[in-house]
Every structure is written in structure tokens, then in C-alpha cells.
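Open the model in your viewer and set it to show side chains. The tour below goes from one empty space to the next.

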Amino acid sequence: MQHPLTIVVFGATGDLFKKKLAKVFFDIYEKGILPQDTEIIGISRKLLTDNEWRDWIKEVLKREKYSEQEEKFFSKFFYLPGDIKDKKTFNDLSIKLGERDERLKRCSNKLFYLAVFPALYQELFEMIAGSGLAIPCAPGFDQQEGWIKILVEKPFGENADEAEKLDLLLGTLFMENQIFRVDHYLAKETIQNLLVFRFANPLFEALWCSKHIRSISVKMFEENSVKERGSFYDKVGALKDVGQNHLLSLLSLIAMEMPKEFSAESIRSEREKVLELIKVKDEATRAQYDGYKNEVGVSENSETETYFKANLKVDNNRWNDVNFVIEHGKGFSKTEAFIEITYFENTPDELFLGTPNKLIFEIQPKEKIEIEFSAKKPGFGFEIEKQYMQFHYKEDGVSPFFYPYEKLFVDALSGDQTLFVSTGEMKEAWRIVSGIEKNMKKNDLKIYQKGIDRGNLEK
Ligand code: BG6
């Protein structure tokens with residue numbers, strides 16, 4: 001991990017860099033995870049100098065002051081203004097990378113981070129290939145000494161056909177073990193814990209099937225509107241922004257069979273296998289919050305959904321007849337994300353008729369696991385009430401050491417692909433989303449008021 005590293009970020013002044021990557025680089029540098037000799041090259045169309053970009057990052061980080069060590073880290077950030085559609089940008093980058101290796105007298109590791117609109121991927125891949133950037137080092141260096149890895153943000157492509165074409169192209173440039181398709185939800189602590197929860201606790205795994213479970217919902221609501229991401233969002237919409245990736249990834253972890261071993265290959269293969277079994281049911285809803293069309297970058301006649309809900313089934317014996325739901329929306333009253341597993345209630349001929357048991361994995365705002373069960377209400381009578389058993393990652397003092405993007409960087413650097421989406425998973429997710437999109441479009445686009453409570457949209 002101490003081999004010199006050069007990180008190249010395409011989209012260096014974009015939303016992702018601003019919201020996540022700038023902070024992540026500092027955090028992993030401070031935790032000693034980045035090699036001492038790391039440089040970060042940011043590429044974007046804005047005309048900035050190195051210092052102007054560093055100042056912009058300072059503004060983004062909003063820290064009151066910076067330690068000597070942090071100031072030193074700022075000097076490792078370099079900016080390259082350039083258009084992704086222009087060959088010159090890639091020639092300039094190639095020169096910069098070559099010069100660094102010359103200075104080092106060795107072939108540095110290189111990590112390309114693609115934090116740009118999916119519509120730019122094809123050109124970007126072609127430019128990378130055309131400028132020789134898929135080759136780890138300039139001629140004369142030991143090509144085995146350094147590696148190249150590429151991190152690609154979601155959504156990968158704009159639709160199923162295009163994603164397949166892009167993937168083929170990417171596959172001609174890089175080996176699958178060099179490609180890291182990012183889905184940061186897979187790196188969330190509560191989500192990683194799903195594997196342990198399911199496969200280290202026979203108590204729950206024994207009840208993990210259609211005999212006991214009625215439905216499973218994966219839901220994510222956000223208070224935020226699209227904010228300044230209108231021009232990106234309007235081309236993508238809620239289903240592709242979040243459903244195609246985060247929600248289906250979570251669903252695959254809930255529904256998959258036990259991997260043969262704890263390895264990236266086995267886990268990714270089980271996630272993919274269960275996605276292959278998913279069938280899209282007819283009902284699918286789409287809606288847009290009132291005022292969306294006035295957001296900056298959004299077309300005035302936009303039909304893009306900011307909310308969707310879809311019903312799915314997993315076509316195997318384990319999940320026969322269980323209803324799976326994925327649902328997401330922006331502009332709701334509360335930011336929350338959770339997986340809700342609803343068990344069957346007792347039938348009236350049993351001794352008590354309680355409320356159905358629920359098992360909830362809350363990802364946001366709290367990181368907790370909760371079981372809803374029936375208990376006797378204290379008192380002279382025999383009334384039954386709903387009670388809860390909870391485990392909180394944070395409140396119980398187990399604070400996560402890594403935030404999702406930190407974890408993803410660490411894993412990418414060490415070459416662990418478990419938390420990254422495989423080519424097969426990506427294709428299956430697109431197949432499912434194409435089906436949902438078709439069904440969703442059969443229904444009119446509803447309009448909802450911003451700040452609405454979840455559950456109220458269909459009333
Ligand atoms: C991103 C989506 O992938 O995830 C955003 O593009 C969304 O629209 C975000 O807001 C949510 O991530 P988190 O980690 O803040 O829940």
C-alpha cells in the first residue's frame with residue numbers, strides 16, 4: 001500500500017467531489033491509508049489553477065483551520081482544466097502522469113475516478129484508450145510495477161442497451177479485476193452487517209423464506225430536492241439514480257443464497273444469481289414533486305420522476321409469493337432509508353392475534369436493527385401491544401470506523417471487489433429497471449407536494 005499513487009478524478013469540480021470525495025481524501029490521508037507519496041489530479045472544464053482548485057476544496061471542506069499536515073496534503077492536489085471530449089485533455093494528462101513517473105523513477109499506481117455524467121462515459125473510455133492511458137506506464141518502465149484501476153460511478157450508462165455497449169468497451173480496455181463499479185450503499189456499515197446478521201444467526205436465517213415472510217420492502221426517502229443537480233437528474237430520474245443501483249443491491253443481499261465462501265467472487269456471484277431470478281410485477285408508480293420543473297437545469301416539460309415504487313418477485317422456492325417492493329422519492333418530509341421484512345401474523349385460530357412481526361434494518365437516519373414483536377401490556381387484563389428490540393450501531397457505542405466512500409477507496413486500493421458491482425449484476429439490474437420503466441410509464445405521472453409524508457402519496 002506504500003507504492004506511490006496517482007489518483008485522477010474526472011469531474012473534479014462536480015457534485016460528488018464536493019459532497020463526498022474531497023472529505024474522503026482528507027480522511028483517508030489522515031488515517032494513514034493513502035500512501036505517503038500520493039498525488040491527486042483533478043480534471044474538469046472550469047478554468048482553474050492548482051491553487052484555485054485547492055482554495056475551492058478548502059471552501060468545500062469548511063474546516064476552521066488546517067493543520068500543517070493537512071496544508072502539506074493540499075500541495076498534492078493538481079488541477080488540469082480540460083474537456084473530456086477534447087483529445088488535448090488526455091494528451092496533457094498523459095504528459096503529467098509520465099512526468100511524475102520520471103520524477104519518481106518508477107511506475108506509480110494509478111486510480112482513475114469517473115465522477116462525471118453517464119452520458120460522457122463512452123467518450124471518456126475511448127479517449128482513455130486512444131491516449132494510451134489504459135497502459136500502466138510509459139515505455140521504458142517496468143509495466144508490472146504499477147497498476148491501473150478504474151472506479152466508475154453509477155448509474156453505469158443511461159439504459160440497458162447502452163450500459164451493455166459501454167461495458168463491452170470498458171472490457172476491451174481493462175480486465176474485470178481493474179474495474180470497480182461504485183455503489184456506495186454496499187459499503188454502508190448496516191448493509192455490510194446484513195451478511196453477518198443473516199449467516200451468523202441461525203435464529204433468523206431459519207425464518208428467511210416465504211413460509212414465514214409475507215413481504216420485503218427496500219425504501220429510501222429524502223427530504224432534499226434535486227438541488228443543484230437538476231441537469232444530471234433530469235436525464236436520469238429516481239428509478240435510475242437510486243433504484244437501478246442502491247435499492248437493487250440491498251435487495252440482492254437480502255434475498256441471495258449463502259455464498260460458498262467469504263470471497264468477492266462468491267458473494268458477487270450470489271448477488272448476481274438472485275438478481276437473475278427477479279421478475280417485475282405489473283404495478284409500478286411514478287410521481288414528480290410540485291415545483292420540480294422550476295429547478296435549475298430541469299426541462300420545463302419534464303416528465304422525469306422524482307418518486308417511484310415498484311413490485312417485484314424473486315422466482316425461486318425460497319421466495320415464492322413474497323412481495324418485494326422498492327420505493328424511493330426526493331422531496332419527502334424526512335430522510336430515511338430502511339429495509340422492512342414483514343412476517344405473517346398469527347391466524348385467528350391461534351391463542352393470540354398479535355401484530356405481524358417486523359424486522360427492520362435502518363440505514364438512515366439511525367444505523368439500527370429493530371424487531372417489532374407483540375408483548376403483554378402490563379396490567380390486570382391480557383391486552384397485547386407492540387414492542388421493540390433494538391440494536392443501534394452508534395448509540396451502542398459502535399461507531400463506524402470508515403464511512404462508505406472511505407471503505408470503497410480502501411478496498412479499491414487493496415483490490416477487494418466485494419463491495420463493487422460486477423458486470424453481471426449491473427446487466428441484471430438494468431434488465432429489471434427496463435421492465436419497471438415500461439410498467440411505470442403505463443401510468444400517468446402523479447404530482448405530489450414537497451414535504452409529503454411517506455405513505456401519503458398513494459392516498
Ligand atoms: C446518490 C444519488 O447515489 O445517493 C443521490 O445519486 C442520493 O440522488 C444519494 O441523494 C444518497 O446517498 P446517501 O448516502 O446520502 O444516502
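Select Lys20, Lys188, Tyr403, Pro404 and Tyr405. These residues lie nearest the centre of the second largest pocket, which is lined by 19 residues. The model you are looking at is predicted. The volume of this second largest pocket is about 440 Å³.

Now add secondary structure. α1, β12 (358-364) and α11 (404-414) each supply at least two residues of the lining here. Of these, colour α1 first: the largest share of the lining of the second largest pocket, 5 residues, comes from α1. Then colour by class. The lining of the second largest pocket has 9 charged, 8 nonpolar and 2 polar residues.

Where does the second largest pocket lie with respect to domain 1 (5-153) and domain 2 (186-456)? Colour the two domains to see. Both give residues to the lining, so the second largest pocket lies between them.

**Next stop: the largest pocket**

Select Gly14, Asp15, Leu16, Arg229 and Phe232. They lie nearest the centre of the largest pocket, which has 48 lining residues. Five elements give two or more residues to that lining: α1 (15-30), β2 (38-44), α2 (50-61), β7 (213-222) and α9. About 1,600 Å³ of space lies in the largest pocket.

Keep the domain colours on. Domain 1 (5-153) and domain 2 (186-456) each contribute at least three residues to the lining of the largest pocket. Switch back to residue class. The lining of the largest pocket divides into 19 charged, 17 nonpolar and 12 polar residues.

Leave α1 selected for a moment. This helix supplies at least two lining residues to the second largest pocket, and it gives two or more to the lining of the largest pocket.

**Last stop: the cavity**

How many cavities of 30 Å³ or more does the model hold? The count comes to 1. The largest cavity holds about 150 Å³ of space. To find it, select Lys154, Gln244, Asn245, Val421 and Met426, the closest to its centre among 16 lining residues.

Show α9 (230-255) and α12 (423-441) as ribbons. Each supplies at least two residues of the lining of the largest cavity. Which element gives the most to this lining? It is α9, with 4 residues. By class, the lining of the largest cavity has 8 nonpolar, 5 charged and 3 polar residues.

End on α9. This helix gives two or more residues to the lining of the largest pocket, and α9 also gives 4 residues to the lining of the largest cavity.

Key. Residues are numbered from 1 along each chain as its sequence is written. This is a predicted model: local features need pLDDT of at least 70, side-chain atom pairs count only at pLDDT 80 or more; totals for chains, interfaces and linings use all residues. Side-chain values use heavy atoms; hydrogens and water are left out. On a 1 Å grid over the protein atoms alone, a cavity is a set of points where a 1.4 Å probe fits but cannot get out, and a pocket is an open set with protein on both sides within 12 Å along at least five of seven lines; lining residues have an atom within 4 Å of a point. Grid points are joined across faces, edges and corners, and a volume is the space filled by probe spheres set on the points. Ala, Val, Leu, Ile, Met, Phe, Trp, Tyr, Cys and Pro count as nonpolar, Asp, Glu, Lys and Arg as charged, and the others, Gly among them, as polar. Domain bounds come from an automatic or database domain assignment.
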